[in-house]
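Subject: Protein–DNA model for your files

Hello,

Here is the structure I said I would pass on. My notes on it follow below.

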There are 2 protein chains.
Amino acid sequence: MLETTDERAGMPALSAAQGRAATSGGAQKRRAGRPSAAVLDKAGITSAALKLVSRKGYDGLTMAALAKVLDVAPSALYNHVASKHDVLLLVEDHLMSLVDVSGFGGSSWEDAVRTWAWSYRDVFAEHTPLIPVIAVLPVTDAPQTLAMYETVSKGFSDAGFPQDRIVPSIVALESFIFGSAYDVTAPEDIFDAGSMAESTPYFTAAVRHSASGQEASAGQERGRPADTAFRLGLEALIAGFGAIRK
Amino acid sequence: MLETTDERAGMPALSAAQGRAATSGGAQKRRAGRPSAAVLDKAGITSAALKLVSRKGYDGLTMAALAKVLDVAPSALYNHVASKHDVLLLVEDHLMSLVDVSGFGGSSWEDAVRTWAWSYRDVFAEHTPLIPVIAVLPVTDAPQTLAMYETVSKGFSDAGFPQDRIVPSIVALESFIFGSAYDVTAPEDIFDAGSMAESTPYFTAAVRHSASGQEASAGQERGRPADTAFRLGLEALIAGFGAIRK
DNA sequence: ACCACTAAATGAATGGCATTCATTTAGTAG
DNA sequence: CTACTAAATGAATGCCATTCATTTAGTGGT
């Protein structure tokens, strides 16, 4: 009990506890005490948190704001999650189900990794504040995350990876993906040396030429500087790891 | 004025504004009003922040705690930095000077990159809360950071990299380094699937075999799981990027 | 020598935040 | 009927970054 309350359905995650704030104008407040029908559950909290994040960003994700969206007192949340960190874990695990692992099983190992890595990066580029949470998250209590690892592990195994290289390879790819997700959110002028440009001639020249290298792919899909760097690194990792297979 | 106050010396960064709290028992408080000799400066704030972090971690780095270490009222800090974020930038830039770029110029490009990447990862593994700050930090107001980029850019240029590939290559390496820094801090049992192990056979097997792969290097230098993954990824990137050179 | 200005400190707010606790009410097991 | 547990409210609590009015000290100009 206590943890199994909402894991039954798995996917839908948008079931109970909606509409009150939407249908009623949020007018008459609930009186104190347990309501006849439960207002909150983990699935509802998760989807409300996602809505809130997409509207207001992670700065706007406060327990108070979350409670307001759910038309509930902030303290009520603590009957369902132990802390704000818990809420972030719920969100994180939900996002993992959005990562595209469909290539494993169908496509070649190389193409499967490409599809997986790009979608993984894209998902978390929109949620970089979760990266410190994920990167250190024991997988135990994150079913979607575990499911992703299982699919990817099987893909590597089927591709002929020696057993003892599978986890390190995945970890290395993930590290690259997390770092690259930050890169997506960096400002365009991140490498503008400003007034110190004269004292850094090599760097300044390299930045200038990378910009002109970009012009070729202007208006293209995946043509931002962050995409160029990601593609370059990813292809190197795929080539390097591909050579490990027997 | 206003920004140039402490950039003069560059390296030492441990000069002014010390000892007051250490020598005097912190007994008699300073009376209000500007003191004859300035108590605070950026170098002092930076080194106090570093001390505080090493003693109490980043959770312990609060403006109040920092003020206490410096024997000053919290509001006094705001005469020297605009925000806590500013303090983090000072710390970040100082840490960049600890990254070992000495390989560029002496060693082969491969060895220089190895030295640089390992030390970069090691430094920030101890300071992961700064990663979200760095990854998105315009380089303009971070002199040490800029200096590092200059040295590395020159190393890549001298090694025969085409100009338009230098920045993307460095960015890709950095992304991998940042992600890998998190990995160092992950708990040992991060991949323990717990009760769900039966439903994830491929993943569970891979985790088991990666553990036994580790035993070989038990007690070794750079033998932790995070080190294995980092080496694997780094060597793949070096090999892949090395092929770009003309 | 005086005056205006700026720089650097104190100390007292301010508002936001996560979290806790006492209380109330509703279902449920014996 | 009676405990007990679950799920809500609402009123604290304590911490945190930041701001502001005030005080004092040095500095440049006349």
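In this predicted model, a backbone N or O atom of B:Arg34 lies 2.9 Å from a base oxygen of DNA strand D. The side chain of B:Arg34 is involved with the other strand: one of its N or O atoms is 3.5 Å from a base nitrogen of DNA strand C.

Staying with DNA strand D, two phosphate contacts can be listed. A polar side-chain atom of A:His80 is placed 2.6 Å from a phosphate oxygen of this strand. From chain B, a polar backbone atom of B:Met63 is 2.9 Å from a phosphate oxygen of DNA strand D. In total, 27 residues surround DNA strand D, and the closest are A:Val39, A:Ala73, A:Ser75, B:Arg31 and B:Arg34. Of the atoms of DNA strand D that come within 4 Å of the protein, 64% are accounted for by sugar and phosphate. The surface near this strand divides into 13 nonpolar, nine polar and five charged residues.

For DNA strand C, the surrounding residues number 26, with A:Arg31, B:Val39, B:Ala73, B:Ser75 and B:His80 the closest. Sugar or phosphate supplies 61% of the DNA strand C atoms within 4 Å of the protein, and bases supply the rest. Two phosphate contacts can be listed here as well. A backbone N or O atom of A:Lys84 sits 2.8 Å from a phosphate oxygen of DNA strand C, and an N or O atom in the side chain of B:Arg30 is 3.3 Å from a phosphate oxygen of DNA strand C. By class, 12 nonpolar, nine polar and five charged residues make up the surface near DNA strand C.

Next, the relation between the protein chains. A turn of 180° with a shift of 0.0 Å along the axis lays chain A on chain B with an RMSD of 0.1 Å. That is the relation of a two-fold axis. The chain A C-alpha nearest the axis belongs to A:Phe176, at 2.0 Å.

How many residues of each chain are in contact with the other chain? The count is 60 in chain A and 59 in chain B. Of the interface residues of chain A, 98% are also interface residues in chain B, so the copies meet through the same surface. Chain A and chain B bury about 5000 Å² between them, with 76% of it on carbon and sulfur atoms. Between the two chains there are zero salt bridges, but nine residue pairs are in polar contact, both residues being at pLDDT 80 or more.

On the side of chain A that touches chain B, the elements giving two or more residues are helix H7 (131–134), helix H8 (143–158), helix H9 (163–185), helix H10 (201–215) and helix H11 (225–242) of chain A. H9(A) gives the largest share, 16 residues. By class, that side of chain A has 35 nonpolar, 18 polar and seven charged residues.

Last, salt bridges. Over all chains, a search of the whole structure finds 16. One joins the side chains of A:Asp122 and A:Arg222, at 2.7 Å from N to O. A:Asp122 belongs to helix H6 (residues 109–125) of chain A and A:Arg222 to the loop between H10 and H11 of chain A, so this pair ties together parts that are 100 residues apart in sequence.

Regards

Conventions: Residues are numbered from 1 along each chain as its sequence is written. Chains are lettered from A and ligands numbered from 1 in the order in which they are written. This is a predicted model: local features need pLDDT of at least 70, side-chain atom pairs count only at pLDDT 80 or more; totals for chains, interfaces and linings use all residues. Side-chain values use heavy atoms; hydrogens and water are left out. Contact means heavy atoms within 4.5 Å. Buried area is the accessible area (1.4 Å probe) that two parts lose on being put together, summed over both. A salt bridge is a side-chain nitrogen of Lys or Arg within 4 Å of a carboxyl oxygen of Asp or Glu. A polar contact is a pair of N or O atoms within 3.5 Å; within protein, one must be able to donate a hydrogen and the other to accept it, and residues adjacent in sequence count only if both atoms are side-chain atoms. Helices (H or I, at least four residues) and strands (E, at least two) are DSSP runs, numbered from the N terminus. Ala, Val, Leu, Ile, Met, Phe, Trp, Tyr, Cys and Pro count as nonpolar, Asp, Glu, Lys and Arg as charged, and the others, Gly among them, as polar. A residue is near a molecule or strand if one of its heavy atoms lies within 4 Å of it. Copies are superposed by least squares on the C-alpha atoms of residues with pLDDT of at least 70 in both.
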